[in-house]
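User: I should like to learn how aromatic contacts and surface charge are read from a structure. Could you take me through a case?

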Amino acid sequence: MTQNVYNDVTPEELGKKLYGCADAIRDAVDEARYKNYILPLVFYKSIDDTFTDRLEEKKGQFAGDEELARKAITGMSVPEDYRWSDITEQSENIAPYLDEAFTALERENDQLRGVVRVTYSDEDALNDQRLRDLVQRINAFELSTEKVEKDFLGEAYMYMVGEFAKDEGKAGGQFFTPTDVIDLLVRILANGGDTDGFEKGSSFHDPTAGSAGFLVHAASYFRNEQDGDPSTWTITGQELNADIASVAQMNTFMHGLEAEIRREDSLANPAFSNYLDDEEGFDYVLANFPFSADWPKSDLKDDKWNRFNWHEKLPRADRGDYAFIMHIAKLLNDSGRAAVVIPHGVLFRSNEGRYREAMVNDDIVEAIIGLPDNLFQNVSLPSAVLVLNRDKDPSREDEVMFINASEKDFYTEQNNHNDLTDAGIERILDAYSEWRTETGISRAVPVDEIADNDYNLSISLYIDTIGDEEIVGVASAYSQLKDARSARDAAEAQVDEDMGVLGYE
């Protein structure tokens, strides 16, 4: 890095200005597709600006010989006939020219094949005038990674991704996890193990990567908080949605990372299957999988990696939560750890008790953290964090830390959602790392007690959040509740059996 051209501008401020480039195509293109046309152009200009700076530096080393300088450059390069300056000079037939430029960029850089999937010529509303306006707006920004601090452009890019997610409403929540939630999960993994922070040479994976927020934030934490070098890491992700997988790959580049994001269903077709072998596995897995989504149960009954063997009966085909959890657990190596966002139902749904029993008795559950409602984009469904650890500290064996972070002290209310506060995150981390019991907030619970509760992991069973005057009658009420659950379980088992006879999954 030779300088920082944005000394007086924050990444968020730059992100806002870049997001404002969408004004060029507003009212002409559906807001759900803004990101498809703007993010690739910002990506292209960043590659070209970076290439320009590196080329000038190398030309200085080779007495101005551009051919030798080009050959000496490491990293991505830009085809001579499709420089960004050529794009800005186009006045007509801009859409097909952009399509040619991205095709040429892919040919020049093998690692970009399949990354940019948009075809500008397919959008009739993107006429020459609108595209020229969009290109000129983006052209106003210096986007060379050689002229800004590490992560600066990446954070600005993530701000744009977040704004586009808001534009898309509920659909946008499928590829964007709020920054406060990402920060919590990353710091849980960084500060809850045997060492204080991440280590050089670690491997990270996200099986439902979305826009790669978890992966880039973990790398930023290592770089900025530990003065580490994430180029020593192996960073991988998998994402089903091809367009979002492209955003993820671009996002990792903007953060200066060499990451591999593959497009495919991580349950049906795990792209990094070598990590499912017993002798390998990842050091860290971070995930926010789609809640209660369908999964290809019938195709995976005889899974070659035995991922779904916690019970002879597989999770329901229309509720894949535990399929993802089992997949994530299998991805971990012998000392691996995972932090996963889960719906609350995973903790108590009666027909999934068999899976809770398996993971609790295997002693891989380290912590369960209840989150405030309404943290996610247009999704108010209560959620929690499940922390898995294949190598728990001896002092934590046969115990699970429960943390109730759903109270007002942990978050602040915004216009249409809630945000975890910095103080709230610190309080969660302190309780977790110190294995601390605090009335109404946190408690380390013996596995035997969880077994006595039929492996129900509801946080309210283990952390008392009510006053003494309300406790009278709770034991009797809970006894009645257990009887009702038993009756319900018997009814569900009968329904499952009947459905099986009829050939339904």
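Analyst: The discussion below turns to aromatic pairs and then to a charged patch. The model is predicted.

User: How many aromatic pairs does a search of the whole structure find?

Analyst: Across the whole structure, the search yields 21 aromatic pairs. One of them joins Tyr44 and Phe102, whose ring centres are 5.1 Å apart.

User: How is the geometry of the Tyr44 and Phe102 pair classified, and why?

Analyst: Planes over 60 degrees apart count as edge-to-face. The ring planes of Tyr44 and Phe102 stand at 90°, so this pair is edge-to-face. Tyr44 belongs to helix H2 (residues 34–61) and Phe102 to helix H5 (residues 94–108), so the contact ties together parts 58 residues apart in sequence.

User: Are Tyr44 and Phe102 buried or exposed?

Analyst: Buried means under 20% relative accessible area. Tyr44 has a value of 0% and is buried; Phe102, at 6%, also counts as buried.

User: What does a stacked pair look like here?

Analyst: Planes under 30 degrees apart count as stacked. Tyr275 and Phe282 form such a pair, with 10° between the planes and 3.7 Å from centre to centre. Both of these residues are buried.

User: Which residues form an aromatic cluster?

Analyst: One cluster consists of Phe198, Phe204, Tyr221, Phe222, Trp233 and Tyr284.

User: Which residues gather in the patch of negative charge on the surface?

Analyst: That surface patch brings together Asp334, Asp391, Glu397, Asp398, Asp448, Asp452 and Asp454. Asp454 is located in the loop between helix H15 (447–452) and helix H16 (474–501).

Conventions:
Residues are numbered from 1 along each chain as its sequence is written. This is a predicted model: local features need pLDDT of at least 70, side-chain atom pairs count only at pLDDT 80 or more; totals for chains, interfaces and linings use all residues. Side-chain values use heavy atoms; hydrogens and water are left out. Patches are made of residues with over 30% relative accessible area and no salt bridge: like charges are joined within 9 Å, nonpolar side chains (Val, Leu, Ile, Met, Phe, Trp, Tyr) within 5 Å. Accessible areas come from the Shrake-Rupley method with a 1.4 Å probe; for residues, only the protein chains shown count as cover. A salt bridge is a side-chain nitrogen of Lys or Arg within 4 Å of a carboxyl oxygen of Asp or Glu. Lys and Arg count as positive and Asp and Glu as negative; His and the chain ends are not counted. The place of a charge is taken as NZ of Lys, CZ of Arg, CG of Asp or CD of Glu. Helices (H or I, at least four residues) and strands (E, at least two) are DSSP runs, numbered from the N terminus. Rings of Phe, Tyr and Trp (its six-membered ring) pair if their centres lie within 6.5 Å; planes under 30 degrees apart count as stacked, over 60 as edge-to-face and the rest as tilted. Buried means under 20% relative accessible area, exposed over 50%, partly exposed in between (1.4 Å probe, protein chains only).
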